[in-house]
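Dear colleague,

Please find below the structure that I am handing over to you. My account of what was found in it follows directly after.

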Amino acid sequence: MSTSADQDTIRTAARTQASDAVLAELMTGNARFVSGTAQQHPHQDAARRHELSSVQHPQTVVLSCSDSRVPTEIIFDQGLGDIFTVRTAGEILDTAVMASLDFAVEGLKVPLLFVVGHENCGTIAATKRTLEHNVPLGGAQSIILEQVGLSIRTSLNNGLTTTDDFERTHALRIAAEILARSRVINDAVRTGRLGIAVGRYLVSTGEVELLNSADPK
Ligand SMILES: [Zn+2]
């Protein structure tokens, strides 16, 4: 479990010049997406495909929800080779997710790790229902209850009571949890090779609100 020190690091310190530059690029892409001026299929032509046939140099690893309304490359107006993407329901963590994040940070040397939650997340709603009305979640979904439930309790303990609050707290807590679980990522942050950003995508407007850093634009 992440400590409050990890959560403080996520809120304040986990930024570098390189990660801010990448974040600014993504937020500019998001602004294009919001305004409807997204480039036509950016970085998706044959030339880009050939250029990347044997190498990749993505500048960010994004962990986000699998929700069908939150496709990472579309909401940030990016293309082939731009984002190393990991998506799970409710951006929850397990060994496979941690291995994928470590691979991107150590192997691909991405300067930015971006955790992106979102508005109207079904896993938050389902966990809230379960906690309030004891509606069960079947099969392997107990891991959702465990991780999202902890975020809801953390939020309530801090006097934050709305679903919007739960979604923000969850994304921040997952980012802190990543820092607590991964030696590779912790070392990269400590030595200034990696910055961590946390955001929340608004399905109603298309915007991404940043939760742990000033607007880099
Ligand atoms: Zn979701």
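A residue counts as exposed if 12 or fewer other C-beta atoms lie within 10 Å of its own, as buried if there are 20 or more, and as partly exposed in between. By that rule Asn-134 is exposed, because 7 other C-beta atoms lie within 10 Å. Please note that the model is predicted.

Asn-134 sits in the loop between helix 6 (122-133) and helix 7 (142-157). Its phi is near 60°, a positive value in a residue other than glycine. Most residues other than glycine have a negative phi. Lys-109 also deserves a look, with a positive phi near 55°. Lys-109 belongs to the loop between helix 5 and strand 3, and with 13 other C-beta atoms within 10 Å it is partly exposed.

I turn next to the sheet. Five strands form an open sheet in the order 2-1-3-4-5, and the pairing is mixed. Strand 2 (83-88) and strand 5 (208-210) are the edge strands; each has a single partner strand, so one side of each lacks a neighbour in the sheet. On average, neighbouring strands are turned by 25° against each other, direction ignored.

The individual pairings are as follows. Strand 1 pairs with strand 2 in the parallel sense over six bridges, and the bridge partner of Val-61 in strand 2 is Phe-84. Strand 1 also pairs with strand 3 in the parallel sense, over five bridges; here Ser-64 has Val-116 of strand 3 as its bridge partner. Strand 4 (residues 195-201) and strand 5, by contrast, are antiparallel and share three bridges. In strand 5, Val-208 is the bridge partner of Tyr-201. Helix 8 (residues 163-181) packs on the sheet, where it touches strand 3 (112-118) and strand 4, and its direction makes about 155° with that of strand 3.

How enclosed is strand 1, and what shows it? Six of its six residues are buried, so strand 1 is largely enclosed by the rest of the structure.

The interior can be described through its nonpolar residues. In soluble globular proteins, nonpolar side chains tend to be buried together. The largest nonpolar core here has 47 residues, and those with the most contacts inside it are Val-61, Leu-101, Val-105, Leu-113, Ala-175 and Ile-185. Helix 8 supplies the largest share of this core, eight residues. Leaving aside residues up to four places away in sequence, Leu-113 touches Val-61, Leu-101, Val-105, Ile-185, Leu-194 and Ile-196.

Helix 5 (residues 95-107) merits its own paragraph. At 1.5 Å a residue, its 13 residues should span 18 Å, and the end C-alpha atoms are 17 Å apart, which agrees. Its buried residues are Leu-101, Ala-104 and Val-105. Viewed down the helix axis, these buried residues fall within an arc of 95°, so they line one face of helix 5. An α-helix has 3.6 residues a turn, so residues three or four places apart point the same way. The buried residues of helix 5 are covered by elements that include strand 1 (60-65), strand 2, strand 3, helix 8 and helix 9 (183-190). On the face turned away from the buried side, helix 5 carries the exposed residues Thr-95, Ala-96 and Gly-107. Lys-109, with its positive phi, follows helix 5.

Yours sincerely

Technical notes: Residues are numbered from 1 along each chain as its sequence is written. This is a predicted model: local features need pLDDT of at least 70, side-chain atom pairs count only at pLDDT 80 or more; totals for chains, interfaces and linings use all residues. Two strands pair if DSSP finds at least two bridges between them. Helices (H or I, at least four residues) and strands (E, at least two) are DSSP runs, numbered from the N terminus. Axes are lines fitted to C-alpha atoms, for helices over the stretch in contact, and angles run from 0 to 180 degrees between N-to-C directions. Two residues are in contact if their C-beta atoms, placed from the backbone, lie within 7 Å. A nonpolar core is a set of buried Ala, Val, Leu, Ile, Met, Phe, Trp, Tyr and Cys residues joined through C-beta atoms within 7 Å. The expected span of a helix is 1.5 Å times one less than its number of residues. The arc is that of the directions from the helix axis to the C-beta atoms.
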